[in-house]
Amino acid sequence: MKTFENGRFEINCGRNMREGVSASESGDKVDITIWCRDAHSCKLCLYREKKLLYKIPMFSMELAGAPDLFSLQLSGDGVADFLKCCEYTFEADKQRVNDPFMLATAGRDRFGQNTRLRGRFYFGHFDWTGERRTSIAFEDMILYQCHLRGYTKHSSSGVAHPGTYRGFTEKISYIRELGVNTILFLPIYDFNERVDGPDKKINYWGYTGDACYFAPKASYAASGECAVTECKQMIKKLHQNGMNILLDMHFAGQSPDFILRCLKYYAVEYHIDGFLVNTDVISKTWIDEDPVLRQCKFLGGCWENAGIVNGQKRFGTFHDAFLTVSRRFLKSDEGQVSDFFHLFTKDEKNLGTIHYITQNNGFTLRDMVSYDVKHNEANGERNMDGTEFNYSWNCGQEGNSRRRAVNAMRLQQTKNALSMLLLGLATPMLLAGDEFWQTQRGNNNAYCQDNAITWLDWKLLDKNKEVFEYTKQLIEFRKKCSLYQRKEALNGMDTRGVGAPGVSGHGIEPWEANFSYYSREIGILFYGTYYDGKSLYMVFNFHWDAHEFYLPVVNRTKMWNVLFDTATPDGADKKKEIKKYIVAPRSAVVFESEQ
């Protein structure tokens with residue numbers, strides 16, 4: 001019998017063919033298994049304070065038909081506690097190998113300053129008592145895409161631990177005030193942010209296959225060795241505040257078994273509510289066959305035959321179709337009215353739809369109305385990187401401007417964009433910082449910028465209060481309006497026999513929508529009978545001329561009240577009981593029917 005640590009612990013052949021590290025409930029047995037493809041031998045290397053303590057030969061599982069699968073069991077009173085103080089790697093045929101299933105990392109405690117990567121043993125039990133977790137339906141969801149580090153890293157964030165799980169937790173009260181209820185985090189698993197090459201770039205976003213998918217990012221923790229606990233504490237606090245958490249999981253080169261095991265691990269151990277995944281590597285069928293994952297929400301480019309689980313949609317489409325059409329319509333391109341009407345009113349019974357007008361890959365909302373072209377010089381690629389197709393308009397001057405007319409138009413276009421995003425039937429997603437006009441200085445591909453270009457500047461919240469307040473008003477309206485909590489899907493048919501369909505398109509004259517190539521205006525009626533509320537009429541006039549719209553008749557009074565008007569300073573001129581309305585150039589107006 002072999003022992004180590006002065007005979008305190010025994011070394012035996014492992015019986016667990018499942019890769020990774022696991023411990024018995026009492027902590028007196030720890031099984032460690034790793035697959036080293038085509039290797040003939042493997043040793044477990046244990047370190048403490050960067051010094052090698054032991055190299056322990058592992059046992060081949062050849063008798064089980066897997067000669068390059070190696071396992072061992074360490075046993076003895078307190079062995080788990082001993083290992084908690086150690087770091088580990090493997091040596092397979094004299095080549096250094098890391099555990100792809102490590103649950104915590106060492107060597108990446110500081111962002112951008114990685115040393116040699118090793119695994120940390122984690123056997124902790126987290127207390128979820130008082131979590132109060134709920135599942136938010138797509139119809140009720142206000143998504144918010146965040147980079148965890150960039151959200152609070154700027155000195156203006158005012159948090160005690162900038163750029164960390166704890167720092168983000170300090171901003172939960174702000175997120176609640178805004179009205180957001182679901183956070184979509186860019187990768188928070190422990191990815192390698194160092195990009196190979198002479199320029200030593202940073203991979204700020206985290207989309208790389210060189211990642212420890214099971215481990216939360218250590219450099220996002222105030223203390224790297226406590227990353228697991230700090231991440232779970234943040235998630236618990238978000239759940240206690242009635243929010244859901246979705247993770248962006250970008251898998252590259254992993255097997256189906258690895259992917260499903262990883263997703264299930266986060267669902268069970270971290271109480272994650274859903275995931276954004278690249279659908280070219282994951283099948284909906286795999287999710288449907290798993291009792292845990294089928295309860296989670298999944299976002300992706302395309303899903304077929306989606307269904308309902310426990311009364312909620314579980315799959316949502318996530319792609320750039322709405323971004324492209326709405327931006328082109330907003331800047332008055334020809335031929336966009338029909339596509340915008342279709343996307344804005346799209347309502348599927350069994351499938352969720354996520355709409356966004358900005359996301360991390362591209363212009364921010366402020367930059368979308370301030371730049372005609374990208375300005376990626378800071379990336380060091382001679383402005384050759386990033387998309388050329390931004391579908392943006394600078395409103396008369398490239399970049400920052402002191403001209404009142406330019407800034408007034410930018411504010412109006414911003415309100416237009418927010419109205420298009422937050423008033424449609426699909427689930428809206430805001431890019432964090434857009435609500436107070438965060439800028440990346442025209443950079444539409446800030447994947448390598450870990451600096452003031454991507455860190456949210458919280459001083460802009462006071463400077464651009466009107467944008468924040470308008471965003472907040474739209475979110476509050478959406479949450480209270482019964483249209484967005486409807487029980488049945490709306491379409492262009494009079495399915496209830498009440499004289500009008502649930503949703504319909506209109507023009508300057510009611511019931512005469514102009515879907516011609518040259519049209520730049522559309523009126524959209526949501527008929528209140530279908531969702532037991534007041535009817536809503538939304539007009540988008542992105543022509544450079546004002547138009548007088550005659551409003552459709554939906555009740556006996558024939559009257560409408562103005563809720564929002566993006567051409568007025570406070571968002572609406574408060575006009576009541578009207579039958580027609582002059583809609584200003586490049587503006588959006590929302591009307592609510594009299595009862």
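Buried means under 20% relative accessible area, exposed means over 50%, and partly exposed is in between. Keep that rule at hand for the exercises below, which use a predicted model.

## Exercise 1: Sorting residues by accessibility

**Task.** Decide which class Tyr391 belongs to: buried, partly exposed or exposed. Then do the same for Phe389.

**Solution.**
- Step 1. Tyr391 has a relative accessible area of 27%.
- Step 2. This value falls between the cut-offs of 20% and 50%, so Tyr391 is partly exposed.
- Step 3. Phe389 has a relative accessibility of 60%, so Phe389 counts as exposed.

## Exercise 2: How do two rings meet?

**Task.** Find out how the rings of Phe389 and Tyr391 are arranged.

**Solution.**
- Step 1. Rings pair if their centres lie within 6.5 Å, and planes under 30 degrees apart count as stacked.
- Step 2. The ring centres of Phe389 and Tyr391 are 6.5 Å apart, and their planes are at 25°, so the pair is stacked.
- Step 3. For the wider picture, the count by this rule comes to 53 aromatic pairs.

## Exercise 3: From a cluster to a charge

**Task.** Tyr270 belongs to an aromatic cluster; which residues form this cluster? Which charged residue sits over the ring of Tyr270?

**Solution.**
- Step 1. One aromatic cluster is formed by Phe101, Tyr189, Tyr213, Phe214, Phe251, Phe258, Tyr265, Tyr266 and Tyr270.
- Step 2. Lys232 has its charged end over the ring of Tyr270, 5.0 Å from the ring centre.
- Step 3. Now look at another ring with a lysine: Lys415 lies over the face of Tyr470, at 5.4 Å from the ring centre.

## Exercise 4: Checking a helix with a ruler

**Task.** Work out what span helix α13 (residues 465-480) should have, and compare that with the model.

**Solution.**
- Step 1. The expected span is 1.5 Å times one less than the number of residues.
- Step 2. Helix α13 has 16 residues, so α13 should span 22 Å.
- Step 3. The end C-alpha atoms of α13 are 22 Å apart, which agrees.
- Step 4. Next, see which side chains to look for: the buried residues of α13 are Val467, Phe468, Tyr470, Thr471, Leu474, Ile475, Phe477 and Arg478.
- Step 5. Among the elements that these buried residues pack against are α4 (172-178), α11 (404-422) and β24.

## Exercise 5: Walking around a barrel

**Task.** In what order do the strands of the barrel follow one another? Which residues stand opposite each other in paired strands?

**Solution.**
- Step 1. Strands of a sheet pair through backbone hydrogen bonds, either parallel or antiparallel.
- Step 2. Here eight strands close into a barrel with parallel pairing, in the order β13-β14-β17-β18-β19-β22-β23-β24. On average, neighbouring strands of this sheet are turned by 25° against each other, direction ignored.
- Step 3. Start at β13 (residues 143-146), where Leu143 and Gln145 point one way, Tyr144 and Cys146 point the other way, and all are buried.
- Step 4. Go to β14 (residues 182-185), which pairs with β13 over four bridges in the parallel sense. Gln145 stands opposite Leu184 in β14.
- Step 5. Continue to β17 (residues 244-249), which has four bridges to β14, also parallel. In this pair, Ile183 stands opposite Ile245.
- Step 6. Return to β13 and turn to β24 (residues 427-431), its parallel partner over three bridges. There, Tyr144 stands opposite Leu430.

## Exercise 6: Buried or exposed in a loop?

**Task.** Are Gly76, Thr164 and Tyr518 buried or exposed?

**Solution.**
- Step 1. Gly76 is in the loop between β8 (66-75) and α1 (79-84). Its relative accessibility is 18%, so Gly76 counts as buried.
- Step 2. Beyond residues up to four places away in sequence, Gly76 touches Arg8, Phe9, Gly27 and Asp28. Arg8 is 68 residues from Gly76 along the chain, but their C-alpha atoms are separated by 6.6 Å.
- Step 3. Thr164 is in the loop between α2 (148-152) and α3 (165-169). With a relative accessible area of 5%, Thr164 is buried.
- Step 4. The residues that Thr164 touches include Leu148, Thr152 and Tyr220.
- Step 5. Tyr518 is in the loop between β25 (503-506) and β26 (521-526). With a relative accessible area of 57%, Tyr518 is exposed.
- Step 6. Tyr518 and Gly528 are 10 residues apart along the chain, and their C-alpha atoms are separated by 31 Å.

Definitions and conventions:
Residues numbered from 1 in each chain as written. Predicted model: local features only at pLDDT ≥ 70, side-chain atom pairs only at ≥ 80, totals over all residues. Heavy atoms only, no water. Buried < 20%, exposed > 50% of the residue type's maximum accessible area, 1.4 Å probe, protein only. Helix = DSSP H or I, 4+ residues; strand = E, 2+ residues; numbered from the N terminus. Pairing = 2+ DSSP bridges. Axes fitted to C-alpha atoms, helices over the stretch in contact; angles between N-to-C directions. Contact = heavy atoms within 4.5 Å. Phe/Tyr/Trp six-rings, centres within 6.5 Å; stacked < 30°, edge-to-face > 60°. Lys NZ or Arg CZ within 6 Å of the ring centre and 35° of its normal.
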